[in-house]
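Opening the notebook on a new model today. I'll jot down what I look up as I go.

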Amino acid sequence: MFIRRRRAKLVKTLLSRVVRFLAVPRDNPELVKAQFEVFSRQVPLMYAIVLVNAWAIAFLFLSIAPLWLTVDMAAAFTAVCIVRLSFWWRSRHVSPTPEEARAALIRTNQFGAVLSVTITMWALTLAGYGNEELNGNIAFFMAITGVSVVVCLLHLRSAAFIVGLSIAIPFIVFFTMMATPSSIAMAVNMLFVTTSLLIIVAVQSRHFADAIDARTKLEQANRENMRLANRDSLTGLNNRRRFFAYLNDIHQEARARGQHFAVGIVDLDGFKPVNDLYGHAVGDALLMEVGKRLSALAGNDIQVARLGGDEFALIFLDYRNDTDLLERSEALCVAMREPIVLADVTVRITASIGLAAFPQTAGDANDLYERADYALYNGKRSRRGHATLFSNEHLEQIARSTQLEQVLRDADLDEEISVFFQPIADIRSGKVVAFEALARWTSPVLGAVSPALFIPVAERAGLIDRLTRILLKKALVTALGWPEDVRLSFNLSTHDISSSEGLTRIVGILSSSGIEPARVDFEITETAMMYDFERAKAAIETLRQMGCGIALDDFGTGYSSLTQIHALPLTKIKIDRSFVCGIDKSPASYKIVKSLLSLSHDMGLGCVIEGVETKAEMQTLERLGARLIQGFHFSRPVPEADIAALLGGRTMESVAG
Ligand code: C2E
Ligand code: CA
Ligand code: CA
């Protein structure tokens with residue numbers, strides 16, 4: 001009983017294995033598709049072989065078998081094969097889904113079984129009419145047809161086995177039963193050939209399946225790599241690379257179809273301090289939250305990407321007009337202002353957005369991006385935390401600075417550039433302790449141009465190196481005439497401290513000037529340092545080692561974090577004039593300046609207060625304990641000739657004399 005059940009079970013599993021072996025694979029769509037592709041290419045050849053052989057047999061038996069068994073049957077096979085071929089012909093360029101491919105292969109199996117059984121039966125029926133020689137022919141044609149078809153079906157194991165067995169089994173039975181020595185020899189031969197062939201099919205189809213499997217895995221790995229290469233690992237948003245690829249695609253599409261779209265660049269205000277103060281883990285969590293908020297509000301109409309750092313980018317696909325675009329962007333800014341709760345801190349940041357629309361703003365994808373960037377940095381100056389759309393006004397600004405750049409390039413800098421000096425005074429003694437050198441440009445073409453305009457242009461145009469050299473030489477020559485206790489304060493720009501050649505030249509000029517380096521302060525802004533912090537730090541250290549002082553200019557306007565200030569060997573900070581303006585009336589400014597003063601005191605740094613314009617402001621500052629002030633109240637920047645008056649006649653010559 002037990003043995004019988006075991007045997008039944010064994011038979012069942014064996015049977016199900018055979019069925020699986022002969023069936024189209026169910027769980028491997030890639031393999032099925034590949035089988036379909038390879039097989040489709042063999043279809044015409046396979047039917048051609050079948051038909052040629054069928055007609056050959058029909059002609060051989062034309063005179064001895066009835067007509068319906070010869071020509072009619074061959075014609076019927078031809079008709080059926082033509083119908084099958086026409087199906088194939090129509091679908092030859094269509095790439096089927098895995099389900100369609102599977103269905104087609106199952107049909108091939110079924111059709112293959114029916115056709116080969118029918119042809120075999122037909123041939124064996126004809127054999128009844130022939131003599132030994134003709135039967136030899138039949139055997140030959142059947143064997144050749146069988147072998148060729150199986151070879152055509154090499155990658156389609158199920159069909160190859162079905163066809164092979166449907167031909168070989170009746171053949172072997174039939175010729176064995178004829179019991180002549182030659183028929184038995186043929187049956188044995190067929191048995192041998194069919195077995196060998198099917199073993200080859202089994203092995204080949206395994207190899208084929210393995211190769212397809214390997215290809216599928218490779219494709220999957222490639223797809224995954226592609227996905228990772230296009231994704232920002234922190235936020236899961238599209239990354240910079242994907243953004244630009246997408247921007248190009250959208251631009252081409254919009255151009256071809258006459259559609260509009262807009263690019264937005266989002267920059268977080270106040271991210272840096274959060275990152276420095278609470279650490280990178282909190283910074284990362286903040287960026288993830290920003291990514292989530294942007295995506296949530298963006299929906300399908302706006303594509304969001306992270307370009308790097310705290311910069312994100314948007315592509316607006318569907319909006320009505322500029323007003324709508326600005327409203328949607330403002331909504332994003334509003335969402336960013338909501339407090340962000342992270343682990344154990346709650347932080348608040350704002351986001352500014354710069355926008356540029358196609359086709360109004362720029363026709364080129366790259367220009368569009370750059371104009372959005374321009375709008376962003378322009379907006380950040382006056383409308384921080386809001387969206388700014390690139391406008392005609394921006395365009396005029398750009399045109400002006402392009403013109404400025406052109407004139408500056410052609411200028412005779414040695415001749416046209418001069419230095420003015422603004423005194424820095426000690427509130428208590430009322431005496432000048434230093435002069436800040438300020439660049440002046442009088443262009444024969446444009447007249448007097450403010451350094452606030454031409455210095456940024458010179459930086460962008462790569463002219464700042466020359467300019468700094470000229471200015472420093474002139475300033476040092478002038479300072480040589482001052483009493484020993486009057487210092488010179490000189491402004492350096494980003495490029496001066498982020499290139500080693502620039503720094504080497506500055507050091508060279510200073511060394512050969514004849515002025516004690518300890519009498520010189522270099523003023524550096526935070527933005528100049530943020531560009532390449534490590535380099536800037538190294539440059540500052542070099543200057544410090546020479547004995548120069550280093551003042552952090554415009555303090556309070558950037559994102560200076562205490563960690564960074566600590567990391568630098570500063571000697572002074574200069575509190576920006578925006579905090580001083582109306583300090584006698586504004587409690588907020590009062591508080592800020594008070595805390596900045598005590599901060600500088602605690603850190604052992606000197607503190608200059610810039611932009612003091614009125615007596616009231618000066619008195620308030622005096623009460624706060626400020627010592628060094630600079631501003632129109634004391635004196636405007638003056639040419640070299642007016643310095644002696646400010647020093648009360650205390651020039652080098654007068655001291656000596
Ligand atoms: P800064 O370094 O902050 O220089 C101070 C600016 O404030 C000067 O403007 C000065 O004239 C102005 N100022 C001084 N006191 C008062 C005041 O009481 N009220 C007001 N409203 N303004 C006051 P200036 O000379 O137009 O220079 C503007 C900026 O251009 C400078 O800002 C500095 O960033 C840059 N700059 C000027 N000269 C040079 C230079 O030689 N090299 C570099 N790299 N930058 C320079
Ligand atoms: Ca300055
Ligand atoms: Ca300043």
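**Confidence**

What is the mean pLDDT of the protein, and what share of its residues reach 70 or more? This is a predicted model, so I checked that before anything else. The mean pLDDT comes out at 90, and 97% of the residues reach 70 or more. I then went looking for a weak stretch and found residues 652–657, where pLDDT stays under 50. For that stretch the model has nine contacts beyond four places in sequence, and I'm leaving them alone.

**Domains**

I pulled up the domain assignment next. It gives domain 1 as 2–222, domain 2 as 240–390 and domain 3 as 413–656. I took the C-alpha centres of domain 1 and domain 3 and got 93 Å between them.

**Calcium ion, ligand 2**

Which residues coordinate the calcium ion (ligand 2)? I get Glu-436 through OE, Asn-491 through OD1, Glu-523 through OE and Asp-553 through OD, at 2.1 to 2.3 Å. Written as a sequence pattern, the donor residues of ligand 2 are spaced E-x54-N-x31-E-x29-D. I looked up where two of these donors sit: Glu-523 is in strand E12 (residues 520–525) and Asp-553 is in strand E13 (residues 549–555), so the pair ties together parts that are 30 residues apart in sequence. Both Glu-523 and Asp-553 are buried.

**Calcium ion, ligand 3**

I moved on to the calcium ion (ligand 3). Its protein donors are Asp-553 (OD), Asp-554 (OD) and Glu-610, the last listed twice through OE, and they lie 2.2 to 2.5 Å from the ion. The spacing of these donor residues in sequence reads D-D-x55-E. Asp-553 turns up again here, since it bridges ligand 3 and ligand 2, and the two calcium ions lie 3.9 Å apart. The pair Asp-553 and Glu-610 links distant parts of the chain, 57 residues apart. Asp-553 is in strand E13, while Glu-610 is in the loop between strand E15 (606–609) and helix H24 (615–624).

Why do I call Asp-553 buried? Its relative accessible area is 6%, and the cut-off for buried is under 20%. Glu-610 counts as buried too, because its relative accessibility is 11%.

**Helices H9 and H10**

At what angle do helix H9 and helix H10 pack? I have H9 (residues 271–278) and H10 (residues 280–298) at about 140 degrees, with their axes 6 Å apart. On the H9 side I noted Phe-271, Val-274, Asn-275 and Tyr-278; they meet His-280, Val-282, Gly-283, Leu-286 and Leu-287 in H10. I sorted the residues of this contact and got six nonpolar, three polar and no charged.

**Two spot checks**

I picked Arg-371, which is found in helix H12 (residues 365–382). It counts as partly exposed because its relative accessibility is 22%. Not counting residues up to four places away in sequence, Arg-371 touches Ala-356, Thr-361, Ala-362, Phe-390 and Leu-395. I also took the C-alpha distance from Arg-371 to His-394, which is 23 residues away along the chain, and got 8.8 Å.

Is Gln-252 buried or exposed? Gln-252 is exposed, with a relative accessible area of 57%, and it lies in helix H8 (residues 240–257). Its C-alpha atom is separated by 9.4 Å from that of Asp-364, and the two residues are 112 apart along the chain.

Conventions. Residues are numbered from 1 along each chain as its sequence is written. Chains are lettered from A and ligands numbered from 1 in the order in which they are written. This is a predicted model: local features need pLDDT of at least 70, side-chain atom pairs count only at pLDDT 80 or more; totals for chains, interfaces and linings use all residues. Side-chain values use heavy atoms; hydrogens and water are left out. pLDDT is the predictor's confidence in each residue, from 0 to 100. Contact means heavy atoms within 4.5 Å. Donors are N, O and S atoms within 2.8 Å of the metal (3.2 Å for Na, K and Ca); water is not among the atoms, so sites may look incomplete. Helices (H or I, at least four residues) and strands (E, at least two) are DSSP runs, numbered from the N terminus. Buried means under 20% relative accessible area, exposed over 50%, partly exposed in between (1.4 Å probe, protein chains only). Axes are lines fitted to C-alpha atoms, for helices over the stretch in contact, and angles run from 0 to 180 degrees between N-to-C directions. Ala, Val, Leu, Ile, Met, Phe, Trp, Tyr, Cys and Pro count as nonpolar, Asp, Glu, Lys and Arg as charged, and the others, Gly among them, as polar. Domain bounds come from an automatic or database domain assignment.
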